[in-house]
Amino acid sequence: MDFRFTDEQRMWHDTVHNFMEKEVGREYTRKHDESREFPEEVFQKMAAQGWLGLLVDEEQGGVAADPVMFAIFCEAIGKFSLDTAACIMTSMFTATNISRHGTPEQKARYLEPFLRGVGKFSISISEPGSGSDAASARSTAHLDGNEWVLNGNKVFCSGAHLPGATIAILARTSAERYDGFSLFLVPNTTPGLDIRKMNTIVRKSLGTTEFFMDNMRIPKDALLGEVGKGWHYIGEHLEFERLSIAASQVGNAQTALDDTIRYTKDRKQFGRSLSDFQVLKHRMAEGATQLEAARLLVYSAACKMARGERAIREVSMAKVFCSETLFKIAFDGMQALGGYAQVPEYDMERYFREAKHGMVGGGTNEIQRSIIAKELGL
Ligand SMILES: Cc1cc2nc3c(=O)[nH]c(=O)nc-3n(C[C@H](O)[C@H](O)[C@H](O)COP(=O)(O)OP(=O)(O)OC[C@H]3O[C@@H](n4cnc5c(N)ncnc54)[C@H](O)[C@@H]3O)c2cc1C
């Protein structure tokens, strides 16, 4: 068994990491976190590189990266902040849905401009009464002549407020638990849509919203794909989504650990470097060990997906383990940096906040454990 990247994978790894160091960097990331601004320049530069199309087929203008190349990308773009990674990745999954199920008109209207950096997507599944139990969502859509009429209340829809954003809204078109959902493409300027920003402690650059649909009318052709297939379309990219989250957590955990090592070597108390104290040294050694295992889980799941095999269990394992690894490393980093961990200039408080969210977003760790148990036949 060979655990090394191929030459092509190594080159791709170096390309994206160099991009993140030169074109993004810590100061830019920190500033955008503090001011809650979307990193538009980064988004535009990634569009210019063609990277927004990593999950879109070549015939549709994309790159069709394999899961290992995609994981390498996600690990790199998460290195300074999971929020930066989310700013890029959130749109990519809806782009995949449109490339697979969109009409030629929808592709021309949404997909082609997106690949050029014009427009963004957000995904709206969660509602006040349905989070983990997403299939109990109650927002409705019914056809009235040539228009769909949508009603309901959605929460935690990341990026829905951004200029030029189109929201992929999951709404009920009939009562069946899973086959009753359809997916609609709704520009955020649509009359009848009332979007309000939520004041979350994470996803500060991307931003998260709740919105209300009060007899919101959209044209018949806003439906993506077929009626009753919305739940299945969302599910199609779940493996990629969980893989991407886990990979970006590995990237972020590496930075948090490196920052902790650097700080404890530099900082002196009682005439010695903090890194000389065994208690801190052991915590960093444990973090490094856990991180090595987390990275192997990500790339092992990605390799399985690249072979075309089902990897539901493996991506859930990776997501649980990587999020808890990042949380442990950031938690220990908070302690090792003492009071300085608590000011934004040292970045650790951001890693820590975002690590906590990583155990909830994209399906909580309890739900991931239930999926793993189900895959074990339990
Ligand atoms: C910053 C942020 C951004 C988000 N972005 C989006 C987005 O863009 N689009 C979107 O649709 N959603 C988004 N979400 C919503 C996110 O997916 C949900 O928060 C998540 O799925 C959990 O749902 P909930 O918050 O309602 O918690 P709940 O489902 O109420 O869960 C609360 C607790 O109970 C546990 N629990 C629930 N059911 C079980 C069970 N069967 N067994 C064991 N434990 C259980 C959970 O694991 C959790 O610990 C976002 C959330 C946040 C915070």
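Q: What makes strand 5 and strand 8 a pair?
A: Two strands pair if DSSP finds at least two bridges between them. Strand 5 and strand 8 (residues 223-224) are joined by two bridges and run antiparallel. The count meets the cut-off, so they pair. Leu 183 has Leu 224 of strand 8 as its bridge partner. The model is predicted: local features need pLDDT of at least 70, side-chain atom pairs need pLDDT 80 or more, and totals for chains, interfaces and linings use all residues. Numbering starts from 1 along each chain as its sequence is written.

Q: How do you know that strand 4 pairs with strand 5, and in which sense?
A: Seven bridges link strand 4 (residues 165-172) to strand 5, in the antiparallel sense. Here too the requirement is met, so the two strands pair. Arg 172 stands opposite Phe 181 of strand 5. Both elements are DSSP runs, numbered from the N terminus (strands: E, at least two residues; helices: H or I, at least four).

Q: Why is strand 5 called mostly covered?
A: A residue is buried if 20 or more other C-beta atoms, placed from the backbone, lie within 10 Å of its own; 12 or fewer make it exposed, and in between it is partly exposed. Six of the seven residues in strand 5 (residues 181-187) are buried.

Q: Which class does Arg 217 fall into, and why?
A: Arg 217 belongs to strand 7 (residues 208-219). It has 16 C-beta neighbours inside 10 Å. That lies between the two cut-offs, so Arg 217 is partly exposed. Beyond four places in sequence, its contacts are Glu 147, Val 149 and Gly 192. A contact needs C-beta atoms, placed from the backbone, within 7 Å.

Q: How do you know that helix 10 is mostly covered, and what does it pack against?
A: Eight of the eleven residues in helix 10 (residues 348-358) are buried. Among them are Met 348, Tyr 351 and Ala 355, and also Glu 349, Arg 350 and Arg 353. The buried residues pack against helix 1, helix 4, helix 7 (238-266) and helix 9.

Q: What makes the largest nonpolar core a core, and which residues touch the most other members?
A: Such a core is a set of buried Ala, Val, Leu, Ile, Met, Phe, Trp, Tyr and Cys residues joined through C-beta atoms within 7 Å. This one has 103 residues. Ala 71, Phe 184, Leu 243, Val 298 and Ala 318 touch the most other members. Helix 9 (residues 312-336) gives the most to this core, twelve residues. Outside four places in sequence, Val 298 is in contact with residues including Ala 71, Leu 243, Ala 318 and Cys 322.

Q: Why is the ligand said to lie between domain 2 and domain 3?
A: Domain 2 (121-229) and domain 3 (234-375) both give residues to its shell, so the ligand lies between them. Domain bounds come from an automatic or database assignment. Strand 1 (120-124), strand 3 (147-158) and helix 11 (365-375) each supply at least two shell residues.

Q: Which residues come nearest to the ligand, and what makes a residue near?
A: The C-beta atom, placed from the backbone, must lie within 6 Å of the molecule. Of the 22 residues around the ligand, Gly 131, Ser 132, Phe 156, Thr 364 and Glu 366 come nearest. The shell divides into seven nonpolar, 13 polar and two charged residues.

Methods
Ala, Val, Leu, Ile, Met, Phe, Trp, Tyr, Cys and Pro count as nonpolar, Asp, Glu, Lys and Arg as charged, and the others, Gly among them, as polar. Two residues are in contact if their C-beta atoms, placed from the backbone, lie within 7 Å.
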